[in-house]
Amino acid sequence: MLSDRVMVIDTDARHWLNLIGLFSDNKEPPSVLLCLMEDNHCIKAIHTIKGVLWGFAFPGENKLDQALELAGADYALLLPQRALAQMFYEAQSAVDLHDNYVKQLMDLIAGVKNVLDEQAVWYPEKPYRFEPPAYEKIEKTFNRIWPDDSTIGFFVFENTRPFTSLIVGKEGGKISLITSLDALGMADQALDFRNGYQTYGEMIAQRFAPLHTALFIELGCFHELRAGAKPLSYLYLAEQRGRARLWPKPFKLRFALWAARKFKGL
Amino acid sequence: MSIVVESNGLNIDGRRIPLLSGDVHYWRHPANLWPTLLQKVHDLGLRIISIYIPWSVHETSPGNFDFGELDPAKNLGAFLDLAHETGLAVLTRPGPHINAEITLFGYPERLFEDPTYLARNPQGGVLTMPIPPRAFPMISYASEAFWREVEIWFDALTPILRPRLHPHGPIFAMQVDNECSYFFRTAPYDCDYHPDARNKWLDFLKAKYGQADAVNDVYDNNSPLSDLPMPERFRVRAPKDLPYHLDWIEFKEELLADSLTRLRTLWEDRGVRDVPFFHNFPPSTAQSPLSITRVEQNIDFCGLDSYLQKDKFDILKRRFLFLTGQSRFPVAPEQASGCYHAWPPIDLHDQHFTALASYMFGVKGMNYYMIVERERWYGSPITRQGGIRKESWNFMKDHLDLLYRLRPWELERKVSVLLLSVRDYERLENASNALSPVTPMVTEQIWPNEELCLEGNFGFSRPIQLLHAKMLRGWERGLTRLGIPYAIGSTDLTLERLSRHKVIVCPTFEFLSRDAQQRLRLYVEAGGNLICGPEVPSYDERQQEFSTLDGFASRPNHRLECSIDTLVCNAGAGRLILVTEVPMPIEQAEPVVRAAAKHLHLESIYPAIPPCETSLHLGPDGRKVLFVANPTAQALRPDIITPIGRCFTDLETGDKFYGHEAVPVEMPPYTVRVLEVEPC
């Protein structure tokens with residue numbers, strides 16, 4: 001899914017920093033008290049936010065409520081110290097040099113998860129319900145919804161000025177290009193997407209490959225969409241009001257969006 | 001015709017050349033664009049470029065290489081000649097490790113197919129580097145088969161590089177390898193368990209102890225040395241168990257340093273010589289198993305790469321004080337100019353703040369990475385097509401203009417106190433890392449200034465592995481609050497380097513290596529002031545009885561007036577000051593710092609109201625330059641305390657600040673001001 005020759009080029013710094021900023025949450029994640037255990041003793045306690053709790057008086061495996069209160073953490077994770085080496089061994093042994101990066105990462109994560117599932121004790125409960133689907137299934141879906149030799153785009157505008165842009169290209173079943181409007185000399189060019197979306201599409205097709213789909217959206221609208229509970233319904237409305245435009249809108253995508261709105265309530 | 005490394009630059013044929021350069025990756029640009037790109041670098045104001053030479057790019061099949069015969073963009077010789085014609089000198093970085101954000105870090109893919117080249121974990125498995133866009137196994141620098149491959153690569157490069165060495169060509173320094181650090185995996189029991197590493201480990205032990213029996217005596221080992229298993233986990237109940245583990249960490253230091261020496265030797269054997277060889281450690285505090293002093297025994301200088309954001313001032317300060325306290329020519333061989341997409345973003349404000357903060361703490365040169373943008377990089381001043389990125393270009397122009405006026409490489413930071421990090425305790429901290437094999441280079445980013453080691457005493461009266469660093473941090477904090485400048489060094493430093501400082505602060509516990517004890521004794525006898533404690537070492541690194549300092553400590557002359565019992569002992573021409581307790585928490589160190597500073601007449605030099613900090617540098621022409629940093633997100637207006645009236649002129653903005661006794665200076669958020677100090 002990711003080419004090891006992926007060209008990441010002409011990403012205007014302002015566009016890239018704004019892009020990362022769009023998706024970075026300032027919400028603090030839940031805190032975890034990590035207790036490394038040996039023979040039922042906690043030999044090291046680390047709070048994911050506060051850091052090392054030196055000399056932490058671990059009250060015992062059957063008093064984890066108390067441990068959480070003492071540490072001021074949301075979750076406790078008890079892990080035999082030896083499990084770390086085993087986790088590394090299993091995760092790394094699972095990786096094949098010849099696989100693509102997504103598969104490699106999934107194998108690494110699966111190796112870590114297996115050891116955690118077998119040996120870790122979470123309290124009051126496991127904070128994740130993560131069951132990764134089979135890689136083959138992901139790859140198949142990826143290729144089904146996004147044809148080769150095409151691009152997808154993501155463009156956010158502040159008034160008519162591009163705030164951030166991302167153009168991603170796919171070839172031979174793999175992402176082979178990551179770039180921005182900078183590649184077209186358009187990173188700072190004001191152009192109202194409501195009238196200019198087709199111009200962008202033509203330029204991208206000429207320089208790289210035809211757009212399979214792209215989202216053009218106002219900055220404020222994007223924030224509202226992220227904050228809301230029904231992003232696809234919001235996007236539908238935003239399109240009606242001219243604050244966003246999903247274009248081109250291939251049939252499969254149109255159908256998937258309709259179905260997600262209708263049946264998943266998104 | 002010679003090139004000499006001096007503390008403030010490279011002296012080339014009698015001319016001192018400041019190390020200010022920028023990275024250009026020739027193979028990533030069409031050859032017909034090279035003249036435009038190089039001219040732009042020249043126009044920007046740089047006279048030196050730095051280039052990686054990627055093995056994987058040039059190798060077409062085992063032992064066969066393309067240097068422009070097939071692809072003009074690989075014509076290394078032509079590129080070097082063009083740089084020379086453009087008036088640019090070149091730092092070459094031929095690896096074998098280059099990273100360069102290139103897939104597989106620049107090693108030919110075929111190496112990863114053959115397990116004889118690969119590092120092993122204790123279970124015999126390979127170690128995976130999960131770096132996009134393709135994870136790959138880690139190469140073993142212990143593998144002799146790998147070294148044979150390196151020789152073939154160097155043989156291929158030699159006919160191109162040797163005729164282009166200074167004075168015949170533009171190459172005036174060679175970097176050996178890149179960020180050599182077990183691929184950033186410095187946890188104690190993660191690697192390298194390659195069969196060749198085992199042989200090297202046994203050889204190291206025999207060389208260290210003289211013979212196998214001596215090793216067995218210290219390790220309490222009854223089987224033949226050849227059967228001794230490599231340490232795989234920290235199991236220490238008593239001090240006698242320590243040497244086995246500390247030697248392992250020392251061996252890992254040696255393996256890295258020896259690899260770099262070996263690379264230099266390979267070049268020199270091929271006639272690539274008479275230019276300085278240098279290395280760049282990865283962004284980190286460069287503590288064990290990295291050793292700047294050990295590397296500089298055979299490599300001319302060792303710098304530290306820097307990719308930090310402006311809110312990481314404390315980390316930057318510690319890293320660069322540790323570098324400038326040790327290296328003979330402290331430089332940042334990679335200072336962010338733009339950023340890699342997969343790295344936490346670094347914007348222009350970050351670049352401006354961190355570059356000036358690095359100079360503030362004594363850095364003497366920088367290579368801006370990347371000066372010409374290319375794939376997998378953004379935000380450089382020059383685009384990959386040879387255009388300019390206006391904001392980055394203007395920033396770099398102004399920045400270089402400031403540096404050429406400031407000439408930070410000529411300045412000497414005025415420091416009288418050296419904080420010494422004890423190499424033995426660093427090794428103990430590394431060996432007892434509770435999270436091993438998770439690399440400290442990652443955990444350091446998440447929990448800076450936290451000791452992630454086990455908390456046991458291991459038969460000593462205190463957990464040395466935790467306290468040594470905490471004590472140093474207590475001193476750092478206390479000295480900073482008092483405005484007393486300091487450097488950070490390591491017990492590996494030579495006596496000559498130690499003796500440059502009026503005062504050395506060195507936490508000491510029950511054991512300390514013989515070498516370090518002897519050097520500290522000589523320092524004191526020659527008139528130095530050593531502040532140590534809480535214990536006077538009475539054992540050496542083999543945990544055998546040995547003490548050179550207890551004679552001084554047993555004859556205290558008086559006590560310092562402070563809340564912690566502190567003995568002052570006259571010793572030879574100097575003094576030993578024993579702080580008999582560990583001030584905890586670290587804030588409690590301040591009374592001791594204050595009392596010691598008063599007793600030893602340590603001067604506060606233009607202190608600023610915290611959290612702002614200052615650093616005074618003196619030029620050879622009598623110039624006084626004061627760096628003032630505001631490392632916070634708030635605008636501040638600290639008073640800078642002066643003994644007499646002073647005028648401060650900001651060399652960057654032209655702002656002037658005057659005052660008697662206290663000079664208020666406007667400090668916008670995250671700024672470093674560079675102020676020329678003049679009488680009022």
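**Exercise 1. Describe the fold content and overall form of chain B.**

Solution. Start with secondary structure. Chain B holds 19 helices and 30 strands. Both are DSSP runs numbered from the N terminus: helices are H or I with at least four residues, strands are E with at least two. This is a predicted model, in which local features need pLDDT of at least 70 and side-chain atom pairs count only at pLDDT 80 or more, while totals for chains, interfaces and linings use all residues. Residues are numbered from 1 along each chain as its sequence is written, and chains are lettered from A and ligands numbered from 1 in the order in which they are written.

Next, the form. The radius of gyration of chain B is 25 Å, close to the 26 Å from the globule rule for 680 residues, so chain B is as compact as a globular protein of that length. The radius is taken over C-alpha atoms, and the rule is 2.2 Å times the number of residues to the power 0.38. Along the principal axes, the C-alpha atoms of chain B fill a box of roughly 75 × 75 × 45 Å.

Then burial. Of the 680 residues, 55% are buried (20 or more other C-beta atoms within 10 Å of a residue's own, with C-beta atoms placed from the backbone).

Last, contacts (C-beta atoms, placed from the backbone, within 7 Å). Among contacts in chain B between residues at least 6 apart in sequence, 74% join residues at least 24 apart.

**Exercise 2. Locate the domains of chain B and analyse the contact of domains 1 and 3.**

Solution. Take the bounds, which come from an automatic or database domain assignment. Domain 1 is 17-191 + 257-410, domain 2 is 417-599 and domain 3 is 613-679. The C-alpha centres of domains 1 and 3 of chain B are 34 Å apart. Their contact takes 12 residues from domain 1 and 13 residues from domain 3.

Now the domain 1 side. Two or more residues each come from α11 (348-360) and α12 (390-406) of chain B. α11(B) gives the largest share, five residues. By class, this side has eight nonpolar, one polar and three charged residues. Nonpolar means Ala, Val, Leu, Ile, Met, Phe, Trp, Tyr, Cys and Pro; charged means Asp, Glu, Lys and Arg; the others, Gly among them, are polar.

**Exercise 3. Map the side of chain A that touches chain B.**

Solution. Count first: 33 residues of chain A are in contact with 34 residues of chain B. Elements of chain A giving two or more residues are β1 (2-8), α1 (13-23), β3 (41-47), β4 (51-52), α3 (81-93) and α4 (101-119). The chain A side divides into 22 nonpolar, eight polar and three charged residues.

Conventions. Contact = placed C-beta atoms within 7 Å. Buried ≥ 20, exposed ≤ 12 C-beta atoms within 10 Å, placed from the backbone.
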